[in-house]
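Subject: Handing over the structure

Hello,

Here is the structure I promised to pass on to you. Please open it alongside this email, so that you can find each residue as you read.

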Amino acid sequence: MHFRSKRPVKGLLFIFLLSLATLLMARPAHAAIMLLTQTDTTLTAADTVSTADVEFTDVAPAKPAANSTVDSAKTQSTVVAAAATKPAEKPKTLWQIFIAGLLGGFAALLMPCIYPMLPLTVSFFTKKAGSRSKGIWHSVIYGVSIIVIYVSLGLLITLLFGSDALNALATNGIFNLFFFLLLVVFGASFLGAFEIQLPTSLANKLDENSDKGGMAGLFFMAATLVVVSFSCTGPIIGTLLVEAASKGERLAPAMGMFGFSLALAIPFTLFALFPSLLKSLPKSGGWLNSVKVILGFLELAFALKFLSNVDLAYHWNWFDREVFLSLWIVISALMGMYLLGKLKFSHDSDLPYVSVPRTFLAIIVFAFTVYMIPGLWGAPLKSISAFLPPTATQDFDLSNLTAATAPEARPQISIKEKKYESVFLRGKHKGLDEWYDLDQALQVSKETNKPILIDFTGWNCVNCRKMEADVWSDPEVHKRLANDFVMLELYVDEKKELPANEQKISAYSGKKIKTIGNKWSDYEASNFNVNSQPYYVIVNAKGDVLVPPQGANYDVANYIRFLDSGKAAYEKNNGRN
């Protein structure tokens, strides 16, 4: 095997890292995002929460719970806590969408349909303008036109669906299944099975209009680029819009398109300002197609997450954790083989040698492949746990062969059967005694003299899985959860319908409460003025909030302080028998 360095591979390295970063953007633990989003971790500062599976709703001031066992007159601590948790997640989520769009735009820039056009377009500006200053002005108008076109597309998505529809996308089974199929199609397109193209007549018509002078001509020239490059940018745009729309943000699609178009527009203006930089660009070649193929593999990996969402929400019970991992392992291994030239598609150029940078990328990919393999036998895989189905879906788990930490012995309680337990078997946590109904949890709290830890969670909540894998798994945290609290898991996206006698019209939102998820989502919004997951609330047997609630915070010490303060507040107010 020969090794040689070559400049085009720099582009391959750049796009691979960008693409991998885009994949990890869905994880709230990503370092760059955490720098932007993480707030002070002191107990009194309520952390804003989920950035991945959050639905935002316009909510009014908190009002008492409409639950038979909850005191209708909430204590002052409840009111203070609700006021302290006014949701501030919205701008943070928009920031994440913008950054994801920016990374997607840089990835699209290195596509075969766009990259070769960069020097041609800049040269066209400088020659046609007649002067450097005029050429710069033309390139600025060209870049602004690109931004206007893509942002308009994002706004159109919002207008067509509306904010309410966008909110429903995150957990809607039909849409998640559609997104899965869509991303599979996009992945197949990048792998070379076919090309997704807009009608040629549209491109020709726009190209004719681009011959006009002035700003109109520059605008149509930008529109021509958008249409002609759609076969390369379409899958990236589609993935971005799917991810943005499923967040439930009103402006998320437009913000994502703004980041995407800004990444495309900046190079045209930059190279017009400094034409000499064009000489440093790697020459077009087969490496551009390699970029597409790598993105194709990543698209397929993305698609599986949407299929997992549907499986969990609708209890199909066949897409378990080891099935998910097996597919990711195969996809990762094939990507590594492709990087080494051992796998070749019909549209690929010959690879006479493997460059050193390409070899390093293959090492990273194969190392990631090997890292995932122990997960087939129950290894936690904390770095990707937020993407994976819950560990309770694992059919074969070697860790089950060892005794799990059991909760301390507690007094006998009057409740013999847990309500809804059969629905949530795939979400159970080893060594914890969870309840799934508020009324029952309040009764257990009264009988056992323990505070309740309410965990507002969801099947499709990425941040919830990360909290469980990174924080709840800590021995000190787990010991407290098992022994000091009545654990109440309230799934806000559970699709199982309530019995007819429990269905009602919400006094808070005016909407019909039909499912278990509707019930707990309405309870969270009406009592705590938030609608995000995970969200942790510590209450006593009357439903009074004991300490300010908090959301996703991956600092174990902070979570221990939160639990200890809740327990101390309970003992101070209620005392031990």
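Below is what I found in it, grouped by the kind of contact.

Please keep in mind that this is a predicted model.

Aromatic pairs

Let me begin with the rings. The count comes to 22 aromatic pairs. One of them is formed by F456 and F528, which meet edge-to-face with 5.8 Å from centre to centre and 65° between the planes. This pair links distant parts of the chain: F456 belongs to strand β2 (residues 452-457) and F528 to helix α18 (residues 516-528), 72 residues apart. Are these two rings buried or exposed? F456 counts as buried because its relative accessibility is 0%, and F528 is buried as well, at 2%.

A second pair to look at is Y536 with Y559, again edge-to-face, at 5.3 Å between centres and 80° between planes. Here, too, distant parts of the chain are linked, with Y536 in strand β6 (residues 535-539) and Y559 in helix α19 (residues 556-574), 23 residues apart. Both tyrosines, Y536 and Y559, are buried.

Rings also come together in a group: W316, W318, F319, F324, W328 and F387 form one aromatic cluster. Two members of that cluster, W316 and W318, turn up again at the surface, where they make a nonpolar patch of about 480 Å² with L177, L181 and Y314. Of these, L177 lies in helix α7 (residues 173-191) and is partly exposed, with a relative accessible area of 31%.

Charges over rings

Next come lysines placed over aromatic rings. K466 has its charged end over the ring of Y554, 5.3 Å from the centre. K418 lies over the face of W435, at 4.9 Å from the ring centre.

Salt bridges

K418 has another partner too. Which residue does K418 meet in a salt bridge? The partner is D433, and the N to O distance is 2.3 Å. Both residues lie in the loop between α14 (356-372) and β1 (434-435), so the bridge ties together parts that are 15 residues apart in sequence. K418 counts as buried at 14% relative accessibility, while D433 is partly exposed at 24%.

The structure holds 14 salt bridges, and here are two others to look at. K479 pairs with E476, their closest N and O atoms being 3.4 Å apart. These two share helix α17 (residues 475-483) and sit 3 residues apart, about one turn of the helix. Each is partly exposed: K479 at 39% relative accessibility and E476 at 35%.

D484 and K567 also meet in a salt bridge, at 3.4 Å from N to O. D484 is in the loop between α17 and β3 (486-491) and K567 is in helix α19, so this bridge ties together parts that are 83 residues apart in sequence. D484 is buried at 14% relative accessibility, whereas K567, with a relative accessible area of 22%, is partly exposed. In addition, salt bridges that share partners join K419, D437, E502 and K519 into one network.

A polar contact

Finally, please go back to strand β2, where T457 lies. With 0% relative accessibility, T457 counts as buried. Its side chain makes a polar contact with the side chain of R465, at 3.3 Å.

Happy exploring, and do write back with any questions.

Best wishes

Key
Residues numbered from 1 in each chain as written. Predicted model: local features only at pLDDT ≥ 70, side-chain atom pairs only at ≥ 80, totals over all residues. Heavy atoms only, no water. Phe/Tyr/Trp six-rings, centres within 6.5 Å; stacked < 30°, edge-to-face > 60°. Helix = DSSP H or I, 4+ residues; strand = E, 2+ residues; numbered from the N terminus. Buried < 20%, exposed > 50% of the residue type's maximum accessible area, 1.4 Å probe, protein only. Lys NZ or Arg CZ within 6 Å of the ring centre and 35° of its normal. Patch = residues over 30% accessible without salt bridge, like charges linked within 9 Å, V, L, I, M, F, W, Y side chains within 5 Å. Areas by Shrake-Rupley, 256 points an atom, 1.4 Å probe, with all protein chains shown as cover. Salt bridge = Lys/Arg side-chain N within 4 Å of Asp/Glu carboxyl O. Polar contact = N/O pair within 3.5 Å; in protein donor to acceptor, adjacent residues only side chain to side chain.
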